[in-house]
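Work through the exercises below with the structure open beside you. Try each task before you read its solution.

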Amino acid sequence: MPMLGLGTWQNDDPDACATSVQTALEAGYRHVDTAQAYGNEAAVGDGLAAADVDREDVFLATKVWTSNLSHDAVLDSVGDSLDDLGVDAVDVLYVHWPSGDYDAEGTLAAFDELYERGKIRNVGVSNFEPHHVEEAMDVLDAPLFANQVEMHPFLPQRELRAHAAEYDYELVAYSPLARGEVFESDVLTDVADDHGVSAAQVSLAWLREKGVTAIPKATGRDHIVDNLSSSSLALSDEAVARIDDVERTDRRIDPSFGPDAWD
């Protein structure tokens, strides 16, 4: 999986979404992330088709929404997702949240079936806590590839990072810029000034230093290119330590069925 991808959450204008996907791919991105709940799979597919990049060079991800997590609904809705995306298979399919109609055995049996049929190349989960991950691993026949979670310097996910290392799966960070708060942080902006880059690049480079793939959303070319430039940014050990010392655990995405409701 490429260490940087394009997130498309809230990119729901069809033309703008398709253009941003095409722009990102032609600028050098090779990972695009969407979801049924975003309502833009068709637009993402249009951007993928328009880009002068081979489909097999792109790591494409989507997610199954909570209302489609019964066994049969997974199969039916993923068929619709593939049609909308205009592809035969996605590179990873995520359970969007362990909520709603999610039932580990029924839901993941459908994921296994799609994996065996070659419709999905990897099985992923999203917003899973360690015990959810372990349950999924016990139920799945296919290997569990990744867990996509909110992660940024204000939510460093130390427990999940340790768990991912122990159980050998990837972590993917959504909202890696903390919905813009990185630009308001003295620590992040000072580190950015020291390196002559943007605070966005610093946050994305910090995630890469932690072995985590980031999927920042961006629509305009300038932001798309600026985020991509983080791929060549090497933070000093001192800079990483300064960011580590922020010591906060603030969620930006916390719906009523999210992790706080699981405690």
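**Exercise 1. The sheet**

Task: In this predicted model, find the order of the strands in the open sheet and say which strands stand at the edges.

Solution:
- Step 1. Trace the open sheet. Eight strands form it, in the order S1-S2-S3-S4-S5-S6-S7-S8.
- Step 2. Check the direction of the pairing. The pairing is parallel.
- Step 3. Look for strands with a single partner. These are strand S1 (6–7) and S8, so each has one side without a neighbour in the sheet.
- Step 4. Recall the general rule. Strands of a sheet pair through backbone hydrogen bonds, and they do so either parallel or antiparallel.

**Exercise 2. Strand S7 and its partners**

Task: Describe how strand S7 (residues 170–174) is joined to S6 and to S8, and say how many of its residues are buried.

Solution:
- Step 1. Start with strand S6 (residues 144–150). Five bridges join S6 to S7, and the two run parallel.
- Step 2. Name some bridge partners. Asn 147 has Leu 171 as its partner in S7. Gln 148 is partnered by Val 172 of S7.
- Step 3. Turn to strand S8 (residues 213–214). Two bridges join S7 to S8, again with a parallel run. Here Val 172 stands opposite Thr 213. Val 172 is thus found in a bridge with Gln 148 and opposite Thr 213 of S8.
- Step 4. Count the covered residues. Four of the five residues of S7 are buried, and the strand is mostly covered.
- Step 5. Follow the chain from S6 to S7. The path passes through H6, and this β-α-β crossover is right-handed.

**Exercise 3. Aromatic pairs**

Task: How many aromatic pairs does a search of the whole structure find? Classify each by its angle.

Solution:
- Step 1. Take the count. The search finds two aromatic pairs.
- Step 2. Take Phe 59 and Phe 145. Their centres are 6.0 Å apart and their planes meet at 35°. Planes under 30 degrees apart count as stacked and those over 60 as edge-to-face, so what lies in between is tilted. The pair of Phe 59 and Phe 145 is tilted.
- Step 3. Place this pair in the chain. Phe 59 is in strand S3 (residues 59–64) and Phe 145 is in strand S6, 86 residues apart. The pair links distant parts of the chain.
- Step 4. Test for burial. Buried means under 20% relative accessible area. Phe 59 has 11%, so Phe 59 counts as buried. Phe 145 has 19%, so Phe 145 is buried as well.
- Step 5. Take Tyr 102 and Phe 128. The distance is 5.5 Å centre to centre and the angle between the planes is 75°, which is edge-to-face.
- Step 6. Place this pair too. Tyr 102 lies in the loop between strand S4 (92–95) and helix H4 (104–116), and Phe 128 in the loop between strand S5 (123–126) and helix H5 (130–139). The pair therefore ties together parts that are 26 residues apart in sequence.
- Step 7. Test for burial again. Tyr 102 is buried at 15%. Phe 128 is buried at 0%.

**Exercise 4. A residue in a loop**

Task: Is Val 53 buried or exposed?

Solution:
- Step 1. Locate the residue. Val 53 lies in the loop between helix H2 (41–50) and S3.
- Step 2. Read the accessibility. The value is 13%, so Val 53 counts as buried.
- Step 3. Compare with Leu 25. The residues are 28 apart along the chain, while their C-alpha atoms are separated by 6.9 Å.

**Exercise 5. Pockets and a cavity**

Task: What is the volume of the largest pocket, of the second largest pocket and of the largest cavity? Describe their linings.

Solution:
- Step 1. Begin with the largest pocket. Its volume is about 650 Å³. The lining has 34 residues, and those nearest the centre are Trp 9, Gln 10, Ser 175, Ile 215 and Lys 217.
- Step 2. Sort that lining. It holds 15 nonpolar, 13 polar and six charged residues. Helix H9 (residues 221–229) gives the largest share, three residues.
- Step 3. Go to the second largest pocket. It holds about 150 Å³ of space. Helix H6 (residues 158–167) gives the most to its lining, with three residues. The lining divides into four nonpolar, two polar and four charged residues.
- Step 4. Finish with the largest cavity. Its space is about 40 Å³. Its lining includes Asn 127, Val 149 and Tyr 174. By class there are three nonpolar, two polar and three charged residues.
- Step 5. Look for shared residues. Glu 129, Gln 157 and Arg 251 are among those lining the second largest pocket, and they also line the largest cavity.

Notes. Residues numbered from 1 in each chain as written. Predicted model: local features only at pLDDT ≥ 70, side-chain atom pairs only at ≥ 80, totals over all residues. Heavy atoms only, no water. 1 Å grid on protein atoms, 1.4 Å probe; cavity = no way out; pocket = protein on both sides within 12 Å on 5 of 7 lines; lining within 4 Å. Points joined across faces, edges and corners; volume = space filled by probe spheres on them. Nonpolar A, V, L, I, M, F, W, Y, C, P; charged D, E, K, R; others polar. Buried < 20%, exposed > 50% of the residue type's maximum accessible area, 1.4 Å probe, protein only. Pairing = 2+ DSSP bridges. Right-handed = clockwise from strand over helix to strand, strands pointing away. Phe/Tyr/Trp six-rings, centres within 6.5 Å; stacked < 30°, edge-to-face > 60°.
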